[in-house]
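Biologist: Before I rely on terms such as cavity or parallel, I would like to hear how each one is justified.

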Amino acid sequence: MNLALRLAAQGLYTTQPNPRVGCVIVRDHQIVGQGAHLKAGEPHAEVFALRQAGELAHDADIYVTLEPCSHFGKTPPCVQAVIAAKPKRVIIAMQDPNPLVAGRGVDALRAQGVEVAVGLLGQEASALNAGFVSRMTHGMPYVRSKIAASLDGRTALNNGKSQWITGEAARQDVQHWRAQSCAILTGIGTVLADNPSMTVRLDPTARQPLRVVVDSHLQMPLDCKMLAFPLLAQSPVLIAYAEDTQQRSAALMSQGAELIFLPNDKCRVDLQKLLLELAQRGVNEVLVEAGQGLNGALLNADLIDEFVFYYAPKLMGSTAHGMFAMPEFTAMQQVPDLQVLDVRLVGTDIRVCAKPIVHTA
């Protein structure tokens, strides 16, 4: 199953909106077939592994990181191919959270007399597909906020300058978070201050995520990098707004941007509705690269699932910008708690991955 998970991870950047799945077939203590799902619309992991195993799949053990699908999508249901191979056992890391599957694959296998076990390395399999699981179970993408800061927690100087706080190794590391995300979310403040392109720059053929800008009052410059051609053909831009008092929507759309009107009662973008919209578009993982305003709004609304902090060995002082625009706390019980998942050096910077701790009454 560890090998199956490593195979599944080969699709980290390419399977969206599908889950990442790996499969290994073992007979007489020998691996006779293995495969991974690498791209939506292409065969699933089980199919590749079964093709490699051929007749040796009969009476074998099949290890797969996600329950074989039991419905017709862009490809036929995998569970029928597995049943046709007549294995002895199927060991599944986790049940498919997709309501179209959700146990039906397991039931179909057992109905044909195949022994099935579920749960081996299930936590690891779920973590590999955190976005897909979130979208299928909650109707929301998995939101990961990346923040580059000094050791005293500052993200930009008082004049707005922030390039570059972290070193080259950390900035390259961020490219991998971008590559595995379906969408990159930023705010208009970041666009106006930094004029970023928000693209994946691992190699020229890298899949480009959807770029989403929260721009409540449609201040997006027509000549900004995010709207430059021919990049828009590879990586579309979606602008979420709440009002258009300056009548700029037509000009932005003529530049190739897509606009979506999502106001809340304060004439700001309704962030929860935006994330729901992204989930309906098949977005599994969202990477937030924004300033303290948008990060604070997302945190205050409990819409961030994970943080990736990059701390540079610098001190920027109390007049510099912080990470989150938040209301003043008057008691320590009000302060959000985090669970640290991972700490490591990336070049000369410290990377900390953490999740908010949800306190239940």
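The exchange below takes up a helix pair and then a cavity.

Modeller: This is a predicted model, in which local features need pLDDT of at least 70, side-chain atom pairs count only at pLDDT 80 or more, and totals for chains, interfaces and linings use all residues. Residues are numbered from 1 along each chain as its sequence is written, and side-chain values use heavy atoms, with hydrogens and water left out.

Biologist: Why are α3 and α4 called roughly parallel to each other?

Modeller: The axes of α3 (residues 78-85) and α4 (residues 104-111) cross at roughly 20 degrees and come within 10 Å; axes are lines fitted to C-alpha atoms, for helices over the stretch in contact, and angles run from 0 to 180 degrees between N-to-C directions. Angles under 35 degrees count as roughly parallel, and therefore α3 and α4 are described that way. Helices here are DSSP runs (H or I, at least four residues), numbered from the N terminus.

Biologist: Which residues make the contact?

Modeller: Val-79, Val-82 and Ile-83 of α3 meet Gly-105, Ala-108 and Leu-109 of α4, where contact means heavy atoms within 4.5 Å. By class, five are nonpolar, one is polar and none is charged, with Ala, Val, Leu, Ile, Met, Phe, Trp, Tyr, Cys and Pro counted as nonpolar, Asp, Glu, Lys and Arg as charged, and the others, Gly among them, as polar.

Biologist: What makes a space a cavity?

Modeller: On a 1 Å grid over the protein atoms alone, a cavity is a set of points where a 1.4 Å probe fits but cannot get out. The structure holds one cavity of 30 Å³ or more, and its lining has three nonpolar, four polar and two charged residues.

Notes. On a 1 Å grid over the protein atoms alone, a cavity is a set of points where a 1.4 Å probe fits but cannot get out, and a pocket is an open set with protein on both sides within 12 Å along at least five of seven lines; lining residues have an atom within 4 Å of a point. Grid points are joined across faces, edges and corners, and a volume is the space filled by probe spheres set on the points. Helices (H or I, at least four residues) and strands (E, at least two) are DSSP runs, numbered from the N terminus. Angles under 35 degrees count as roughly parallel, over 145 as roughly antiparallel, 65 to 115 as roughly perpendicular and the rest as oblique.
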